Amino acid sequence: RATGSPISGMQTWLALPDGKEEIDPAFEHVAADALPMIEDGQVSARVIMGSLWGKTSPVTQHSGTIYADVLLAPGASIPIDADADERAIIVALGSASLDGTPLQTHSLYVLTPGSTMTLRADSEARVMLLGGAAFRTPRHAWWNFVSSSRDRINQAKDDWRNGRFPKIPGEGDEFIPIPDVPLTNSG
């Protein structure tokens, strides 16, 4: 930004569970003040989707989910419960450690299933906590496409290249070409 304070953001894609992968696309806006906030003086957590520490977000979820924006004061710590099948954390700002091991900023840490851990802020820190129920079938990712079927991903790639995806309302005729090699893991 040329003026004002710096900004940062995080874009998250959530795969749909078995039996829901082909539901109609949807968009849902939920204002920040409608999302539950959990605070204790040293830690505040906004529950963006799913449930955390007894609070549940109004955002639609198609399987059990945890997605929270957690702010920690220097020296503050929180338990990372073992309730979810799959869990991960990303330190977005500041510095933090997990069970005494320092974490790198902007790296995704997939946590060991079934173990309770302690996240501690070494400085003021913003950490994204995410996870949820495990799917019965594995998912594959290619660019912006995620599916349990490689054939379905190949069809989506062909549909994108040939303009068979509908235009986004209000976005005009801009077209982003599909890359020859994705910047995501091909799974």
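Colleague: A charge sits over a ring if NZ of Lys or CZ of Arg is within 6 Å of the ring centre and within 35 degrees of the ring normal. This is a predicted model, in which local features need pLDDT of at least 70 and side-chain atom pairs count only at pLDDT 80 or more, while totals for chains, interfaces and linings use all residues. Residues are numbered from 1 along each chain as its sequence is written, and side-chain values use heavy atoms, leaving out hydrogens and water. Over which ring does the charged end of Lys157 sit?

Modeller: Start with the position: Lys157 belongs to helix 1, residues 150–161 (helices are DSSP runs of H or I of at least four residues, strands runs of E of at least two, numbered from the N terminus). Outside its neighbours within four places in sequence, Lys157 contacts Trp142, Phe145 and Ile178 (contact: heavy atoms within 4.5 Å). The ring centre is 4.1 Å from the charged end, and the ring is that of Trp142.

Colleague: Which side chain of opposite charge is nearest to Lys157?

Modeller: Lys157 is buried (under 20% relative accessible area; exposed is over 50%, partly exposed in between; 1.4 Å probe, protein chains only). Lys157 has no salt bridge (a side-chain nitrogen of Lys or Arg within 4 Å of a carboxyl oxygen of Asp or Glu). For charge, Lys and Arg count as positive, Asp and Glu as negative, and His and the chain ends are not counted. At 9.4 Å, the nearest opposite charge is on Asp180.

Colleague: How many residues apart are Arg139 and Asp18?

Modeller: Their side chains meet in a salt bridge, 3.1 Å from N to O. Arg139 is in the loop between strand 11 (125–132) and strand 12 (140–142), while Asp18 is in the segment before strand 1 (37–39). The pair links distant parts of the chain, with a separation of 121 residues.

Colleague: Which residues are linked with Asp18 in a network of salt bridges?

Modeller: The model has eight salt bridges by this rule. Arg139 counts as buried because its relative accessible area is 19%. The network joins Asp18 with Glu21, Arg136 and Arg139.

Colleague: Is Glu22 buried or exposed?

Modeller: Its side chain forms a salt bridge with Arg152, 2.8 Å from N to O. That pair joins helix 1 to the segment before strand 1, 130 residues apart. Arg152 is partly exposed, at 34%. Glu22 has 54% relative accessibility, so it counts as exposed.

Colleague: How many bridges join strand 4 to strand 11?

Modeller: Strand 4 (residues 65–72) has seven of its eight residues buried. It pairs antiparallel with strand 2 (residues 43–52) over seven bridges (strands pair if DSSP finds at least two bridges between them). There, Val47 is the bridge partner of Ala68. Towards strand 11, also antiparallel, the number of bridges is eight.

Colleague: Which strands stand at the edges of the open sheet?

Modeller: Four strands make this antiparallel sheet, in the order 5-10-7-8. Two of them have a single partner strand each, so one side of each lacks a neighbour in the sheet: strand 5 (77–80) and strand 8 (101–102).

Colleague: Which residue in strand 10 stands opposite Ser97?

Modeller: Strand 7 (residues 96–98) pairs with strand 10 (residues 117–121) in the antiparallel sense, over three bridges. The residue opposite Ser97 is Arg120.

Colleague: What is the phi of Trp143 near?

Modeller: Most residues other than glycine have a negative phi. Trp53, in the loop between strand 2 and strand 3 (55–56), has a positive phi near 50°. Trp143 lies in the loop between strand 12 and strand 13 (145–147). Its phi is also positive, near 55°.

Colleague: What is the angle between the planes of Phe145 and Trp160?

Modeller: Six aromatic pairs are counted (rings of Phe, Tyr and Trp, its six-membered ring, with centres within 6.5 Å; planes under 30 degrees apart are stacked, over 60 edge-to-face, the rest tilted). Phe145 and Trp160 form an edge-to-face pair, with 6.5 Å between centres and a plane angle of 65°.

Colleague: Which residues do ring pairs link into a cluster?

Modeller: Phe145 lies in strand 13 and Trp160 in helix 1, so their pair ties together parts 15 residues apart in sequence. Trp160 also stacks with Phe175, at 5.8 Å centre to centre and 25° between the planes. Phe175 is in the segment after helix 1. The cluster is Trp143, Phe145, Trp160, Phe165 and Phe175.
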